Amino acid sequence: MRTLACALGLSLSLVACSSEPDASNAAQSVDATQDVPEAAPQPDAQVAPSPAPAPVSSPVPTPTPTMSSAPDRILALEGLGDLRIGAAVPSGGSWAERGAQIDGDCRTVSSPRFPGVYAIVTAGKVRRITVGERSDVKLVEGIGVGSREQDVKRAFGGFREERHEYEQAPAKYLTAPNARSGDPALRFEIGQDRKVSLIHVGTMPVLGYVEGCA
């Protein structure tokens, strides 16, 4: 009888021991479910916008320098248009003797296409071209009748100054330093207002004539 009671007690103890871990595991499962917070939703990753392409600028064209006067209105050391220093007056052109002429070899020619301009011819060759009032003919540097003396000196440094034959100072002549060599050269007449009154291109001694063929 005592043996049966001991066996029964041992069986109950084994049942009780085997039940405790299950209850403990169940409690831990419940606690784990309650304690773990729900994960917060992650924001969608934002893709940085691509930078806008830089605008492509069109190249700015460089302005082409232009002369203020038409090519045939430019006075050069070589001459004016088809009238050339050291050459004969072109035949069949607009340049011809007009008006009274002095006796002798020296002649003057002019053209209706170039009002205010005349040329001196000796020995059948053009020796000087003179640009005066009413003329729009200019040098390639932009100097013409009416330009200021200071602009002439800025464009043509080293010109020799001489007293004017007919006008009081500050009127004067400005002659290129190479004139004495016999090569075509420039000579300006400056008036009392310190402005260009005449422009001559030619060779000495005709370049230095102060009044037409004299």
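Hi everyone. Let me start with one pair of residues: Gly-79 has Arg-84 as its bridge partner, over in strand S3. Gly-79 belongs to strand S2, residues 79-80, and 2 bridges hold S2 and S3 together as antiparallel neighbours. Before I go on, please keep in mind that this is a predicted model.

Those two strands are part of an open sheet of 4 strands, in the order S3-S2-S1-S8, and its pairing is mixed. So which strands stand at the edges? They are S3, residues 83-84, and S8, residues 138-139; each has a single partner strand, so one side of each is left without a neighbour in the sheet.

A word on confidence next. The average pLDDT for the chain is 79, and 68% of the residues score at least 70. Residues 1-37 fall below 50, and that stretch has 0 contacts in the model beyond near neighbours in sequence. Residues 55-67 also stay under 50, and there the model has 2 contacts beyond four places in sequence. I will leave those stretches aside today.

Let's move along to S4, S5 and S6. S4 and S5 run antiparallel, joined by 2 bridges, and here Glu-97 sits opposite Val-109 of S5. S5 then pairs with S6, residues 117-122, again antiparallel and through 4 bridges. In that pairing Ser-110 is opposite Tyr-118 of S6. S5 and S6 form a hairpin with 6 residues between the strands, and in it Gly-116 adopts a positive phi near 85°.

Now for the cysteines, which I know some of you will ask about. How many disulfides does the count come to? It comes to 1 disulfide. The partners are Cys-106 and Cys-213, with a sulfur-to-sulfur distance of 1.9 Å. The link is left-handed, with -80° about the S-S bond. What I like here is where the two ends come from: Cys-106 is in the loop between S4 (96-97) and S5 (107-110), while Cys-213 is in the segment after S12, and the pair links distant parts of the chain, 107 residues apart. Are these cysteines buried or exposed? Cys-106 is buried, at 10% relative accessible area, and Cys-213 is buried too, at 18%.

On to the inside of the protein. As a reminder, in soluble globular proteins nonpolar side chains tend to be buried together. In this model, the largest nonpolar core has 30 residues, and those with the most contacts inside it include Leu-75, Leu-80, Val-117 and Phe-188. Four elements give two or more residues each: S6, S7 (125-131), S11 and S12. The largest share, 4 residues, comes from S11.

Leu-80 deserves a look of its own. Outside its neighbours within four places in sequence, its contacts include Leu-75, Trp-95, Phe-114, Val-117, Ile-129 and Val-137.

Last topic: charges. The count comes to 11 salt bridges, and I will pick a few. Arg-148 meets Asp-151 at 3.0 Å, N to O, and Arg-148 is partly exposed at 40%. Right beside it in the sequence, Glu-149 meets Lys-153, also at 3.0 Å. Why are Glu-149 and Lys-153 separated by about one helical turn? Because they are 4 residues apart in helix H2, residues 149-155. The accessibility of the two is worth setting side by side: Glu-149 is buried at 6%, whereas Lys-153 is partly exposed at 37%.

Lys-153 has another partner as well: Glu-161 meets it in a salt bridge of 2.7 Å, and Glu-161 is partly exposed at 45%. Through shared partners, Glu-149, Lys-153, Glu-161, Lys-172 and Arg-194 are joined into one network of salt bridges.

That brings me to Arg-194. Where is it placed? Arg-194 is in the loop between S11 (185-190) and S12 (196-202), and at 45% relative accessibility it counts as partly exposed. Not counting residues up to four places away in sequence, Arg-194 touches Ser-147, Arg-148, Glu-149, Pro-170 and Lys-172. Ser-147 is 47 residues away from Arg-194 along the chain, yet their C-alpha atoms are separated by 8.7 Å.

That's my tour. Thanks for listening, and I'm happy to take questions.

Key:
Residues are numbered from 1 along each chain as its sequence is written. This is a predicted model: local features need pLDDT of at least 70, side-chain atom pairs count only at pLDDT 80 or more; totals for chains, interfaces and linings use all residues. Side-chain values use heavy atoms; hydrogens and water are left out. Buried means under 20% relative accessible area, exposed over 50%, partly exposed in between (1.4 Å probe, protein chains only). Contact means heavy atoms within 4.5 Å. A disulfide is a pair of cysteine sulfur atoms within 2.5 Å. Two strands pair if DSSP finds at least two bridges between them. A nonpolar core is a set of buried Ala, Val, Leu, Ile, Met, Phe, Trp, Tyr and Cys residues joined through side-chain atoms within 4.5 Å. pLDDT is the predictor's confidence in each residue, from 0 to 100. A salt bridge is a side-chain nitrogen of Lys or Arg within 4 Å of a carboxyl oxygen of Asp or Glu.
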